[in-house]
Amino acid sequence: MKVLRCSLLALLASAVFAAPSFDPPKLRLSGSVQPSRYAVDLTIVPDRDTFRGSVDINVEIRTSTEIIWLNAIGLDIQTAGFSPDLGAPLTATTVPSGGQFVGFAFNRMISGKGVLHVTYEGKISRNSSAGVFQLKENREWYVYSQFEPTDARRAFPCFDEPSFKVPWQLTLHVPKDDLAVSNTPVESQSRESKGMKAVRFKQSPPLPSYLVALAVGRFDVVDAGRVGPTPVRVIVPRGKSAQAAYAAMAIPQLLKLLENYFSVPFPYEKLDSVIMPISDFAMENAGIITYAESSLLADPATETINHKRELAGVCAHEMAHQWFGDLVTTAWWNDTWLNEAFATWMERKIPGEWQPSWHLDVTEVNARLGAMRGDDLASSREIRQPIESNSDIANAFDDITYEKGAAVIEMFEHWIGEAKFRQGVQVYLKQHAWGNATASDFEAAMSSVAGVDVAPPFDSFLDQPGVPEVSVALKCTPQPALAVTQKRSLPIGSQAKPQIWQIPLCVAFEADGVVHRQCDLLPDRKQDIALAGAQSCPTWILPNDGEKGYYQVAYEDDLLKKVLTDRGSHLTVAERVGVLGDIDSLAGDGGISAEVALALVPEFSKDPDGHVVQAAANIARLLRGENVPADLREKGARFIRDSFGSRAVELGWTAKPGDSDDTRLLRQNLVPFVAGTGAEKTLVVQAETLATEWLKTRRGIAPDIEEAVLRVAAQFGNRDLFNLLRTAAIQEHDHRVREMLLEALGSFRDPELAKASLDLLLSNEFDLREDFYPLLFGPLAYVDTRDVPFEFVKQHLDALLKRLPREVGEDYAAALPTVGEGFCDVKRRDELDSFFSGRVETYSGGPRALAQTLEGIDLCIAARKTLTPELTAFLSHY
Ligand SMILES: [Zn+2]
């Protein structure tokens, strides 16, 4: 404040200049000052809480000014000055904004080119993973960075928006025995006093601030060879090299497939994959991708099929970003989907090409169905959303951007044709390499090869929320044709406004003994589509060919029965899963009766393919929870046992020699479902015995089913098991195993034990970044414990807020209103609303989380009115 008053007085004394504005920008920098290069110098010692920094930014001041605003948070600025290319250097006074900005004010107007020089001190966070932060593994501290979307400003004052894309040159001063890594190879190293060394990295190609990264610590390095000229390494916390074997094998192979798809070589000089002992996290920093330890490392002796698939998916995602996001960067966060939707689409496409036996086409269908379930809310948002606040930036990183975005891309790829779509992607990358781009740039590139203007249909999906529902009826006179209508798919009781899309509609049908496929565009609410090539009336129709379209199908007349004749054996597995998924959604939305949907379950529970069995089990989940009256719940459990019990018991908890990957995956999903929701006693007792034995000896359960066994045991478990799990979790050094133990601790169905697990959030036994989600949200899975998390949050809100990570891109508080997700009555809804209204506004992304939770409760209340009588009727006759 002192600084501010001084410079204001100086300015008031000077009548020559126009009155200056010392108001910081609202959200974005004005653009009147443009950076062209950064030189950053940081001194980082991993066990310290602060670091020292200095930055030289080459800028061009396009409109003369007395103040330069930059982004900065939590930086203690020590000196600042400007050296113009012409003229004498000037000292700046610092104008703090109290928010996301810092101003550097001068005692005269400045313009033209020069270097802005700032020295400062910053914080190394121990309780968040935003900016520069520490993590501990085996008693050693490691320092990492995470800047996306808006946290580079915690590491250096900068122009922290994606369109400021310029070269960076970093120098790190670190303890002499530590390894320092950043985006580029090391240019030079030199010894310094006090046991330190200086590591100077090569200047980077143009990068936005959010893609700059660093890591410092006593890492081990695993050499993964080269892909073309690019050296590939996996950088692990000390002593963990052996666990990186699969990653070191997979990464170069996936990278090759990506280079091949894009037909553009890997854009950077080297690729490091740096492991962080943290959960569920990965970041595509250029040339230095950071990954959560649990998604990349595993003991080769206990590696699971799930781990391999997850690893391939996350690596393909982050490496795809090196082109989609890094080489070509979204111009602003409203087009975050241009980064994230494409990387998500690639996380199944490339591993699917690498390992066809993984059936990732089925995973893709399930991901689409999952995205559609969240997207039918009235509070759902558009993929491409205007950004008016930091909260909007935080919201942009959600399932709509990732999963709906990926599903929409997949639909257009299918409609345009895989080869042409790929050509469009390549044109887009070449046109915008090293620069920024928008949705329109992408659509223009795609249209130029597709031979049709893809923008209107694409925009109808990008700029509107919601899921289209397409009803299809067959007309066979005079010619075979489909009568198609579209509307917005809405759950029972939804208040969302109606709308239409331009839908790329691809259908498959069998006529005259041949399967035909055809694609059309459905731009209107109602349309007749001639079935070209059909001489006679088709025997069946699949209105979503390949199940690749982002729309829900409603089958008119007997079309559903026809497509499912012979258990749909003429369809692919992915298609059968898609049709059953549509039925599941329609039953939840009142589109068909729950009785009709459930009647299909026994037949499809016998399908030879495990993925189809799981889709049938998803329909049976209608019987879970409060929609079934208490006195009929046991009958619901019996229906599940009758349909899936013998298969689940036969699979058992224990792997058999020669089990295929598919069998192992089915075991992981079906056995806990039948044991838990179906209350299958034999399986529950086995789980309890296996879990107790495992906690003592760490033996007796195949690694791929460990988590499910512990979870089911906890679901039916007592205080003794709780104590065993808690002690094991405290003593556990392996991050992955600890994660699993915490999941189990969050799975107790006994309300007292659910409360006891929540109390752990206030103890110092675990890192909140690890235990927050499993412990707080685990109890929402059961009717008996659904109220417990909200009661806990009400009682301990202040204590929680003090402990939680609270950064814009990572504000844990935003998740708090979702503790009401399991509610289904007006009283609890109103309590949740009145408790959080007036509070969530200060949580980044909080208002939207509350709105969605409240809408979910409203819909649950409305759906119950229809579902409960239907489920009652079904079970009464069962
Ligand atoms: Zn991503």
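Here's a quick briefing on four spots in this structure: a zinc site, a small sheet, a helix pair and a buried loop residue. Keep in mind that the model is predicted. The zinc ion takes its protein donors from His-317, His-321 and Glu-340, and further along there is an open sheet of 4 strands. Helices H20 and H22 pack against each other, and Thr-785 sits in a loop between two helices.

**Zinc site**
- Three protein atoms act as donors to the zinc ion: NE2 of His-317, NE2 of His-321 and OE of Glu-340, at 2.0 to 2.1 Å from the metal.
- Along the chain, these donors fit the spacing H-x3-H-x18-E.
- His-317 belongs to helix H4 (residues 305–321) and Glu-340 to helix H5 (residues 336–354), so this pair ties together parts that lie 23 residues apart in sequence.
- His-317 has a relative accessible area of 5%, so it counts as buried, the cut-off being under 20%.
- Glu-340 is buried too, with a relative accessibility of 2%.

**The 4-stranded sheet**
- Read across, the strand order is E25-E22-E21-E27; the sheet is open and its pairing is mixed.
- On the edges you'll find E25 (526–530) and E27 (552–555), each pairing on one side only.
- From one strand to the next, the twist averages 30 degrees.
- E22 (residues 481–488) and E25 run antiparallel and are joined by 5 bridges.
- If you want a specific pair to look at, Leu-482 has Ile-529 in E25 as its bridge partner.
- Helix H13 (residues 573–589) lies across E21 (468–475) and E27, and its direction makes an angle of about 80 degrees with E27.

**Helices H20 and H22**
- H20 (residues 703–715) packs on H22 (residues 735–745) at about 25 degrees, and the axes are 8 Å apart.
- Angles under 35 degrees count as roughly parallel, so that label goes to H20 and H22.
- The crossing of H20 past H22 is right-handed.
- On the H20 side, the contact comes from Glu-706, Glu-707, Leu-710, Arg-711 and Ala-714.
- H22 contributes Arg-736, Met-740, Leu-741, Glu-743 and Ala-744 to that contact.

**Thr-785 in its loop**
- The loop that holds Thr-785 runs between helix H24 (768–777) and helix H25 (788–803).
- Despite the loop setting, Thr-785 is buried, with 0% relative accessibility.
- Leaving aside residues up to four places away in sequence, Thr-785 touches Phe-748, Arg-749, Asp-750, Pro-751, Ala-754 and Pro-779.

Terms used: Residues numbered from 1 in each chain as written. Predicted model: local features only at pLDDT ≥ 70, side-chain atom pairs only at ≥ 80, totals over all residues. Heavy atoms only, no water. Pairing = 2+ DSSP bridges. Axes fitted to C-alpha atoms, helices over the stretch in contact; angles between N-to-C directions. Contact = heavy atoms within 4.5 Å. Donors = N, O, S within 2.8 Å, 3.2 Å for Na, K, Ca; no water. Buried < 20%, exposed > 50% of the residue type's maximum accessible area, 1.4 Å probe, protein only. Parallel < 35°, antiparallel > 145°, perpendicular 65-115°, else oblique. Left-handed = near helix turned anticlockwise from the far one by under 90°.
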